[in-house]
Amino acid sequence: MKKLMKCIMVALCLAVAVAFAAGVQSTNVQAKKKVTYKLKKGTLTIKGKGNMPKKIKVKKNKVKKIVIKKGVKNISNNAFKNFKKVKKISIAKTVKKIGVNAFYKTAIKNLTIPKNCKKLGSGFMDYCKKLDKVTLPGDFVIIDKKGNAKSIRNKAHGTTVDTVTFNSNLDYNACAYFDTYDFQTAASDPKFKTFDGVVYTKDGSGIVRVPSGRDTLVIREGCTTFNTHASVYLSGKDSGIVCDSLVKITLPSTLKKVDYEAYPDYASDEECKTNTEILFGKSNLEIPEIVKLKIIYKISPDALVKKLPTRIANNNNFLIGDSTYLIEGNGAATSNVPDGIKTICEAAYYSDNGLVKAVLPASVEEIGESAFMFSNLGEINLDNVKKIGEAAFSGTQFKEIELPATITAIPDYAFFDCDNLTKVTCKGELKSVGAYAFNNTRLNIADFLADNTKLETINESAFENVGWTNITIPANIKTVGAYAFAESNNTKFVLIKGSTAGFSMLSFGVWNGVTYQFEQGMSQAWVTPDHDYYKSGKKMKFNASWDKVSEVNGYEIWLAKDKSLKKGVKKYTYKYNAKNASVSLTKKKAKGLKYFGIRAFKTVNGKKVYSKWNIQKL
């Protein structure tokens with residue numbers, strides 16, 4: 001009996017052990033397979049915690065509905081591609097990423113993506129031809145198969161939806177992704193709001209984005225700014241205008257300003273459609289704002305006269321607005337501007353190859369942006385002009401020009417690419433020179449600086465590509481932008497007399513063979529290097545060359561892990577060499593080195609005095 005009982009007990013123990021082992025094995029399988037899926041009566045349910053399986057092995061034509069339960073974190077690449085009978089998809093709030101081509105060619109009519117799911121795979125909704133409504137985050141990112149971000153402007157293909165609703169704050173660039181008729185922004189969006197399906201600024205004063213499917217646009221009353229990028233934006237660098245169906249735009253009576261710089265995209269004037277008609281209605285826009293519309297939408301002079309017959313006239317081939325604005329020149333070699341004109345409008349003589357001379361009446365006070373740009377103009381009188389616009393004379397044929405006393409600031413790009421220009425005389429007290437103002441001219445910089453003793457500010461690239469050998473930067477100049485005097489292929493010497501607190505260390509370019517002398521001493525000095533490096537594992541080969549600073553004893557180069565040059569610093573010192581200012585070194589243990597700094601030093605009364613650090617990223 002005892003023996004029988006012992007056998008029974010052993011058998012029971014073995015059974016328990018087997019059951020326990022089986023239970024452990026089942027648990028391990030379940031642990032490995034955190035997210036599962038099941039198809040039942042046409043509904044594919046995906047549930048669990050974690051990432052979705054890379055492949056769903058079911059018969060695609062059996063699936064009509066997809067339900068993704070709470071806990072699932074992502075939808076895989078090609079997850080439901082070509083599930084052509086799927087009409088409904090439900091996505092849980094836990095999903096943070098949707099893969100490439102996830103819903104490609106499904107039959108869904110409504111797609112709602114949670115507002116925290118901001119990584120959307122390229123082509124995720126391509127060729128969903130029955131899709132009517134899409135709801136998704138306003139600041140989503142388009143990703144490729146590996147999860148790397150792509151341009152958000154890589155437009156969805158083969159899918160036109162009635163309404164796109166953004167359930168989080170909008171990045172206006174996201175609008176380019178969709179072919180649609182209406183946008184709806186989130187009520188909580190602090191920057192944007194939709195009126196009649198069009199995106200405006202929150203207060204409705206500025207139009208921002210027009211849905212791509214619209215053929216007509218009536219800008220709402222109350223809107224004061226027409227941001228032209230609202231209807232002129234691209235879906236990608238190599239793609240066309242998104243609003244390519246737009247044929248009519250009606251302006252409101254409240255409109256005051258046209259802005260083609262705000263909310264930018266890749267689009268340019270040349271890419272804009274020419275068949276979009278502007279209906280001015282009760283608009284009372286000032287002529288300079290109308291000119292902007294003329295340029296962007298390529299409104300012909302005859303069309304402009306017909307649209308605004310009481311305000312715009314053709315006077316001996318001059319297009320004139322409100323009697324005082326010259327909108328377009330007359331095409332003559334010598335253009336005698338009519339009396340009474342106060343403003344030469346933007347681009348009035350743009351690219352006029354026949355123009356040689358412009359004769360301005362005493363009434364002209366302002367010359368607009370790009371007014372004579374790329375024309376053959378070589379002679380003009382500016383006696384009473386008080387304001388000159390950006391790029392007004394860019395690309396013209398001047399050899400010399402005289403600016404009146406009323407001009408104290410030369411605007412950006414004013415004489416850019418005037419490659420015959422050798423002399424500019426300023427009758428007044430010039431205070432500033434704009435960015436690229438004399439870029440690629442033949443101006444004598446030394447004379448220009450010596451003549452303008454009140455000049456204080458020289459902006460970036462102002463004299464870039466203008467040849468010089470020896471120049472003095474007087475103490476009256478307080479601010480100099482990057483590449484302001486950058487020019488190559490010559491040995492140069494520059495004396496800087498004043499403080500360099502407002503100077504860019506790139507004022508003279510990168511290692512252009514310049515020797516610097518700083519009259520106020522080492523505290524105002526810097527060193528401008530050029531460098532390259534090569535890393536292989538922990539080893540790094542570092543090369544640097546730099547412009548010389550006169551009257552110094554040498555230079556220091558520090559390699560470091562941080563921009564403040566405090567972590568993992570490696571220090572190197574080089575004596576001054578009149579013939580050569582360069583170094584090549586190999587560092588065997590270079591792991592983590594990300595920055596290098598260079599400075600000059602001079603021994604004064606037995607102590608080293610240093611220039612400013614010039615710190616750059618490797």
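Start by selecting residues 366–367, which make up strand β29. In this predicted model, β29 runs parallel to β31, and two bridges join them. To see how they line up, show Ile367 and then Ile388: the two stand opposite each other, with Ile388 in β31.

Now widen the selection to the whole sheet around this pair. You should find an open sheet of six strands in the order β23-β24-β25-β27-β29-β31, with mixed pairing. Which strands sit at the edges? They are β23 and β31 (387–388), each of which pairs on one side only. Strands of a sheet pair through backbone hydrogen bonds, either parallel or antiparallel, so switching on backbone hydrogen bonds is a handy way to follow the order.

**Next stop: Arg311 and Asp322**

Stay with the numbering of this sheet and pick Arg311 together with Asp322. They form a salt bridge, and their closest N and O atoms are 2.9 Å apart. This pair links distant parts of the chain, eleven residues apart: Arg311 lies in the loop between α3 (301–307) and β23 (312–315), while Asp322 lies in the loop between β24 (318–321) and β25 (325–328). Turn on a surface and compare the partners. Arg311 has a relative accessible area of 15%, so it counts as buried, whereas Asp322, at 30%, is partly exposed.

**Along to Lys357 and Glu379**

Select Lys357 and Glu379 for another salt bridge, this time with closest N and O atoms 3.7 Å apart. Here both partners are in strands: Lys357 in β28 (residues 357–359) and Glu379 in β30 (residues 379–380), 22 residues apart along the chain. Are they buried or exposed? Lys357 is partly exposed at 30% relative accessibility, and Glu379 is partly exposed at 43%.

**Over to β8, β10 and β13**

Move to lower residue numbers and select β10 (133–136). On one hand, β10 runs parallel to β8, with three bridges between them; Thr112 stands opposite Thr135 of β10. On the other hand, β10 also pairs in the parallel sense with β13 (residues 160–166), over four bridges. To find this pairing, show Lys133 and its bridge partner in β13, Thr163.

While you are here, add Asp139 and Lys118. Their side chains meet in a salt bridge of 3.1 Å, N to O. Asp139 belongs to the loop between β10 and β11 (141–143), and Lys118 to the loop between β8 (110–112) and β9 (119–121); the two are 21 residues apart. Asp139 is partly exposed at 30% relative accessibility, and Lys118 is partly exposed at 30% as well. How many salt bridges does the model hold? The count comes to ten.

**A buried proline**

Select Pro211, in the loop between β17 (206–209) and β18 (216–218). With a relative accessible area of 0%, Pro211 is buried. Draw a distance from its C-alpha atom to that of Asp162 and you should read 9.9 Å, although the two residues are 49 residues apart along the chain.

**Last stop: a charged patch**

Finish with the surface on and select Lys38, Lys40, Lys41, Lys47, Lys65, Lys69 and Lys88. Together these lysines gather in a patch of positive charge on the surface. One of them, Lys47, is found in strand β2 (residues 43–48), which gives you a landmark for locating the patch.

Notes:
Residues numbered from 1 in each chain as written. Predicted model: local features only at pLDDT ≥ 70, side-chain atom pairs only at ≥ 80, totals over all residues. Heavy atoms only, no water. Patch = residues over 30% accessible without salt bridge, like charges linked within 9 Å, V, L, I, M, F, W, Y side chains within 5 Å. Areas by Shrake-Rupley, 256 points an atom, 1.4 Å probe, with all protein chains shown as cover. Salt bridge = Lys/Arg side-chain N within 4 Å of Asp/Glu carboxyl O. Lys, Arg positive; Asp, Glu negative; His and termini not counted. Charge placed at Lys NZ, Arg CZ, Asp CG, Glu CD. Buried < 20%, exposed > 50% of the residue type's maximum accessible area, 1.4 Å probe, protein only. Pairing = 2+ DSSP bridges.
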